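Let's take a walk through this fold together. Have the sequence and the 3D view handy, and we'll go piece by piece.

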Amino acid sequence: MSNRISISSGSPFEDVFGYCRAVKTGNLLEISGTVALVDGDKVKEDDLYAQTYNIIERIAVVLEEAGSSINDVVRTRIFTTDISKNLDIAKAHAHFFGAIKPTTGIYEISALIAPQYKVEIEFTAWVNE
């Protein structure tokens with residue numbers, strides 16, 4: 001694809017796994033699953049609201065870099081290791097997407113890449129060219 005643009009996060013795992021943060025092709029932007037930066041201060045391991053908020057905040061920057069925005073997100077896929085905290089996740093998601101209302105799904109899974117991560121989100125967005 002000649003119009004395919006790969007956007008890197010700079011993570012060493014991109015080469016290990018063979019992926020990139022996002023791929024833009026035409027007007028479509030797909031963003032890889034993203035976890036929070038769990039620092040133990042602002043974002044704690046047991047705070048799924050803060051993890052979700054941190055993820056979306058960070059992805060807003062990726063969207064802007066790709067010529068898109070939060071307003072252009074058409075789908076989110078939310079994975080969590082603790083579905084009982086779904087309302088905490090929903091509150092943070094709604095903070096950003098309450099008026100936009102992309103399609104979404106929330107799925108409980110057994111684990112993420114490291115135990116401190118409780119939420120991972122994938123994003124699909126439209127890019128105006």
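What follows goes from the sheet to a pair of helices and then to the largest pocket.

One thing to keep in mind from the start: this is a predicted model.

Start with the sheet. It's an open one with six strands, and if you read across it you get the order E1-E2-E3-E6-E4-E5, with mixed pairing. Look at the two ends of that order: E1 (4–7) and E5 (103–108) are the edge strands, and each has a single partner, so one side of each has no neighbour in the sheet. Going from one strand to the next, the twist averages 10°.

Now zoom in on E6, which covers residues 119–126 and runs antiparallel to E3, with six bridges joining the two. If you want a landmark for that pairing, find Leu28, which sits opposite Trp126 in E6. E6 also pairs with E4 (residues 73–80), again antiparallel, and here seven bridges do the joining. A handy landmark on this side is Thr80, with Val119 of E6 standing opposite.

Next, the helices. Two packed helices are described by the angle between their axes and the distance between those axes. Take H2 (residues 48–65) and H3 (residues 86–97): their axes come within 7 Å and cross at roughly 30°. Angles under 35 degrees count as roughly parallel, and that's why H2 and H3 are described as roughly parallel to each other. As for handedness, H2 passes H3 in a right-handed crossing.

That leaves the largest pocket, which holds about 490 Å³ of space. It's lined by 16 residues, and the ones closest to its centre are Phe13, Tyr19, Gly33, Val35 and Ile113. Which element gives the most to the lining? That's E3, with four residues. So we're back at a strand we've already met, the one joined to E6 by six bridges. Helix H1 (13–17) takes part too: H1 and E3 (28–35) each supply at least two residues of the lining.

And what is the lining made of, by class? Eight of the residues are nonpolar, five are polar and three are charged.

To tie it up, E3 is a good strand to keep in view: it lies between E2 and E6 in the sheet order, and it also contributes four residues to the lining of the largest pocket.

Definitions and conventions. Residues are numbered from 1 along each chain as its sequence is written. This is a predicted model: local features need pLDDT of at least 70, side-chain atom pairs count only at pLDDT 80 or more; totals for chains, interfaces and linings use all residues. Side-chain values use heavy atoms; hydrogens and water are left out. On a 1 Å grid over the protein atoms alone, a cavity is a set of points where a 1.4 Å probe fits but cannot get out, and a pocket is an open set with protein on both sides within 12 Å along at least five of seven lines; lining residues have an atom within 4 Å of a point. Grid points are joined across faces, edges and corners, and a volume is the space filled by probe spheres set on the points. Ala, Val, Leu, Ile, Met, Phe, Trp, Tyr, Cys and Pro count as nonpolar, Asp, Glu, Lys and Arg as charged, and the others, Gly among them, as polar. Two strands pair if DSSP finds at least two bridges between them. Axes are lines fitted to C-alpha atoms, for helices over the stretch in contact, and angles run from 0 to 180 degrees between N-to-C directions. Angles under 35 degrees count as roughly parallel, over 145 as roughly antiparallel, 65 to 115 as roughly perpendicular and the rest as oblique. A crossing is left-handed if the near helix is turned anticlockwise from the far one by less than a right angle, and right-handed if clockwise.
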